[in-house]
Amino acid sequence: QVQLVESGGGLVQAGGSLRLSCAASGRTFISIAMGWFRQAPGKEREFVAAISRSGANTNYADSAKGRFTISRDNAKNTVLLQMNSLKPEDTAVYYCAAATAPLVASVFFKAGQYNYWGQGTQVTVSS
């Protein structure tokens, strides 16, 4: 079992930055791959970014490339999502997710590949 708690959401003006944090507990952190998803009102949950167990491999949605950076600190059981140059269309509830990963290099970008989810944190970008 893995428990995930997100933090760092809030209200920011367009062009600004936010850093989301996700703290994991309950399972050896280095055994799980991590990801961030988001869901805007009236829309389906969509992939944002993912990182492998070691942190060596990452994957981003096209909408996030060049603006968002995912990273992890295995010593602190934490995954971060640095979001720069935010746009109003980035407004959504952001969810942290964890996937058991037999392979250290695996990166997952489908919601169905993740076993555990956080409660979400709201990000609102004003124009």
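Ser 7 sits in strand β1, where strands are DSSP E runs of at least two residues and helices are H or I runs of at least four, both numbered from the N terminus. This is a predicted model, so local features need pLDDT of at least 70 and side-chain atom pairs count only at pLDDT 80 or more, while totals for chains, interfaces and linings use all residues. Residues are numbered from 1 along each chain as its sequence is written, and side-chain values use heavy atoms, with hydrogens and water left out.

Is Ser 7 buried or exposed? Neither quite fits: Ser 7 counts as partly exposed because its relative accessible area is 37%. The cut-offs are under 20% for buried, over 50% for exposed and in between for partly exposed, with a 1.4 Å probe and protein chains only. Skip the neighbours within four places in sequence, and Ser 7 is in contact with Arg 19, Leu 20, Ser 21 and Thr 121; contact here means heavy atoms within 4.5 Å. Gly 66 is 59 residues from Ser 7 in sequence and 22 Å from it in space, C-alpha to C-alpha.

On to the rest of β1, which spans residues 3–7. Leu 4 and Glu 6 make up its covered face, and Gln 3, Val 5 and Ser 7 its uncovered one. In a regular strand the side chains alternate between the two faces of the sheet. Strand β7 (residues 68–73) alternates as well: Phe 68, Ile 70 and Arg 72 point to one face and are buried, whereas Thr 69, Ser 71 and Asp 73 point to the other and are not.

Here is how some of the strands pair up, a pair needing at least two DSSP bridges between the strands.

| Strands | Sense | Bridges | One facing pair |
|---|---|---|---|
| β1 and β3 | antiparallel | 5 bridges | Gln 3 and Ser 25 |
| β3 and β8 | antiparallel | 6 bridges | Arg 19 and Gln 82 |
| β7 and β8 | antiparallel | 6 bridges | Ile 70 and Leu 81 |

The β7 and β8 hairpin has 4 residues between its strands, and Asn 77 there takes a positive phi near 55 degrees. Phe 68 stands opposite Met 83 in β8.

Met 83 deserves its own look. It belongs to β8, residues 78–83, and counts as buried because its relative accessibility is 0%. Leaving out neighbours within four places in sequence, Met 83 is in contact with Gly 16, Ser 17, Leu 18, Leu 20, Arg 67, Phe 68, Tyr 94 and Val 123. Ser 126 is 43 residues away from Met 83 in sequence and 15 Å away in space, C-alpha to C-alpha.

Now for the whole chain. The protein chain has 0 helices and 11 strands. A compact globule of 127 residues would have a radius of gyration near 14 Å, and the chain's 13 Å agrees; that radius is taken over C-alpha atoms, and the rule is 2.2 Å times the number of residues to the power 0.38. The C-alpha atoms fill a box of roughly 40 × 25 × 25 Å along the principal axes.

Buried residues make up 44% of the 127 in the chain. Of the contacts with a separation of 6 or more, 61% join residues 24 or more positions apart. The accessible surface is about 6,200 Å², with 49% of it on carbon and sulfur atoms, by the Shrake-Rupley method with a 1.4 Å probe.
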